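The following exercises treat a molecular structure part by part. Each task is followed by a solution in steps.

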Protein chains: 2
Amino acid sequence: MPIIFTSLPAIPIIQSGDDLVSIILASLQQAGINLLDADILVLAQKIVSKAEGRLFNLAQVTSSEAAKQLAAATEKDPRLVELILRESRHVLRSRPGSIIVEHRLGFVCASAGIDHSNVQGEGEWVLLLPENPDASAQRIRAGLEEASGKRLGAMIIDSHGRAWRLGTVGVAIGLAGLPGLIDLRGQPDLFGYTLRITLIGAADELAAGASLVMGQAAEGTPVVHVRGFPYPLSDGSLQELLRPRESDLFR
Amino acid sequence: MPIIFTSLPAIPIIQSGDDLVSIILASLQQAGINLLDADILVLAQKIVSKAEGRLFNLAQVTSSEAAKQLAAATEKDPRLVELILRESRHVLRSRPGSIIVEHRLGFVCASAGIDHSNVQGEGEWVLLLPENPDASAQRIRAGLEEASGKRLGAMIIDSHGRAWRLGTVGVAIGLAGLPGLIDLRGQPDLFGYTLRITLIGAADELAAGASLVMGQAAEGTPVVHVRGFPYPLSDGSLQELLRPRESDLFR
């Protein structure tokens with residue numbers, strides 16, 4: 001069975017307080033898509049963060065000494081660095097132009113996922129990630145399930161840079177109603193050997209595919225409908241996808 | 001426009017010397033898929049490696065002193081470690097059960113991508129990655145283009161583990177006729193700001209989506225047809241996707 005990723009049309013510029021469930025339902029209707037059991041909706045973090053009012057005005061941020069020092073070393077705005085530090089557990093690496101942190105949510109990313117672009121308004125506004133993306137995904141999923149009567153998944157994704165390879169890829173930062181990992185441990189291969197690959201990052205593979213149709217430029221389409229996810233839906237969470245620090249050779 | 005990933009049916013167990021182009025054409029016909037301009041075929045490295053005869057018998061491998069030492073430290077077969085070292089530029093990290101290397105092709109991966117599973121035959125056979133996956137992709141692309149008269153892309157993927165996150169994801173290890181990266185540098189966002197994300201790992205996002213439909217277990221389907229890749233096809237290569245060592249904070 002194929003997997004089909006469809007970017008939804010006519011998603012307006014999202015403002016704080018907007019009801020994403022209603023907006024997605026209207027867009028699905030416009031696209032002529034009737035939700036079916038096991039469909040998944042993938043949302044760019046940006047619209048979830050905006051709807052949840054995660055905009056901060058740099059003019060109102062007071063930088064700590066630590067933020068000022070890191071800002072000087074990385075040639076960044078000390079107020080932005082202050083927010084990065086507030087959103088992070090600790091800094092893994094830094095150099096001019098780049099601060100790689102372990103986010104308070106547990107994943108590793110640049111600048112704590114704080115976003116300058118596609119943020120509208122007077123002043124110097126930046127956008128922080130949702131407070132709890134798993135919970136955000138669950139709310140959106142519950143709303144869509146209630147409206148459709150179908151069993152659905154919902155996922156919030158961001159674009160992350162990577163060690164070793166160039167180019168960002170979409171990754172899951174919050175999920176509800178679908179598995180993060182698929183565990184094949186113990187299953188035999190075609191010839192009865194043990195499989196080399198035993199844990200598939202299924203949610204992240206889905207995130208990458210959805211990211212591909214979202215685009216990142218002016219024409220970005222921040223919601224993607226997915227039909228044909230090849231694994232049974234089950235209750236997953238971001239936590240599954242996080243490699244425990246003690247088993248990570250690259251911290 | 002949607003992206004559609006379709007795993008192709010009835011791909012037989014591949015043997016050394018098999019003609020993958022003919023096999024893919026027959027499978028496309030059986031699936032009722034007529035190739036169109038800008039379609040992309042994604043192949044699991046395993047079938048390309050097998051077709052190219054990249055099977056090695058551990059019984060015929062003599063281990064060096066270095067391989068024996070690393071094998072003892074990582075609790076692996078010294079003959080397998082010998083092959084890993086031969087296929088690698090250097091070892092980044094090792095610990096019991098795990099050897100992370102910079103492969104001779106330039107990417108970072110575990111065990112130099114050498115595979116025990118789904119390898120048939122007497123003795124202790126293992127499968128090495130293709131000699132030159134870009135060239136393999138180009139041969140397959142050229143064959144499919146000649147047969148169809150269409151402008152196509154072809155990509156060879158493998159499943160890689162990652163720093164910081166659990167679960168493997170599909171990544172490109174060879175490509176022909178499609179871009180590795182999409183460069184958005186200098187493009188404005190919706191409100192005229194500079195984009196935060198400027199280099200999209202498009203080939204790797206495509207690889208992850210294709211990997212999702214391939215599966216890894218006994219029912220694996222090693223060829224995926226993709227329609228709707230959202231960027232213009234152009235000549236890409238693995239090299240684009242490799243982060244230069246000197247700009248990598250995580251070596």
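Two strands are said to pair if DSSP finds at least two bridges between them. The exercises apply to a predicted model.

**Exercise 1. The sheet of chain B**

Determine the order in which β4, β5 and β6 of chain B form an open sheet, and state which strands stand at its edges.

*Solution.*
Step 1. The order is β4-β5-β6, with antiparallel pairing.
Step 2. At the edges stand β4 (88-95) and β6 (108-110) of chain B; each has a single partner strand, so one side of each lacks a neighbour in the sheet.
Step 3. From one strand to the next, the twist averages 25 degrees.
Step 4. Between β4(B) and β5 (residues 98-103) of chain B there are 6 bridges, in the antiparallel sense. B:Ser94 has B:Ile99 in β5(B) as its bridge partner.
Step 5. Across β4 and β5 of chain B lies helix α3 (residues 65-74) of chain B, at about 30 degrees to β4(B).

**Exercise 2. A strand and its surroundings**

Is strand β9 (residues 169-176) of chain B enclosed by the rest of the structure or open?

*Solution.*
Step 1. A residue counts as buried if 20 or more other C-beta atoms lie within 10 Å of its own.
Step 2. In β9(B), 8 of the 8 residues are buried, so the strand is largely enclosed by the rest of the structure.
Step 3. Strand β8 (residues 153-160) of chain B runs antiparallel to β9(B), joined to it by 7 bridges. Opposite B:Gly170 in β9(B) stands B:Ser159.

**Exercise 3. The two sides of a helix**

Which residues of α1(A) are buried, and which are exposed?

*Solution.*
Step 1. Helix α1 (residues 20-31) of chain A has 12 residues and reaches 16 Å from its first C-alpha to its last, close to the 16 Å expected.
Step 2. The buried residues in α1(A) are A:Leu20, A:Val21, A:Ile24 and A:Leu28. They lie on the same side of α1(A), because they cover an arc of only 100 degrees around the axis.
Step 3. An α-helix has 3.6 residues a turn, so residues three or four places apart point the same way.
Step 4. A:Ser22, A:Gln29 and A:Gln30 are exposed on the other side of α1(A).
Step 5. The packing partners of the buried residues of α1(A) are β2 (40-44), α2 (45-51), α5 (133-148) and β12 (223-227) of chain A.
Step 6. After α1(A) comes A:Gly32, with a positive phi near 75 degrees.

Technical notes:
Residues are numbered from 1 along each chain as its sequence is written. Chains are lettered from A and ligands numbered from 1 in the order in which they are written. This is a predicted model: local features need pLDDT of at least 70, side-chain atom pairs count only at pLDDT 80 or more; totals for chains, interfaces and linings use all residues. Helices (H or I, at least four residues) and strands (E, at least two) are DSSP runs, numbered from the N terminus. The expected span of a helix is 1.5 Å times one less than its number of residues. A residue is buried if 20 or more other C-beta atoms lie within 10 Å of its own, exposed if 12 or fewer, and partly exposed in between; C-beta atoms are placed from the backbone. The arc is that of the directions from the helix axis to the C-beta atoms. Two residues are in contact if their C-beta atoms, placed from the backbone, lie within 7 Å. Axes are lines fitted to C-alpha atoms, for helices over the stretch in contact, and angles run from 0 to 180 degrees between N-to-C directions.
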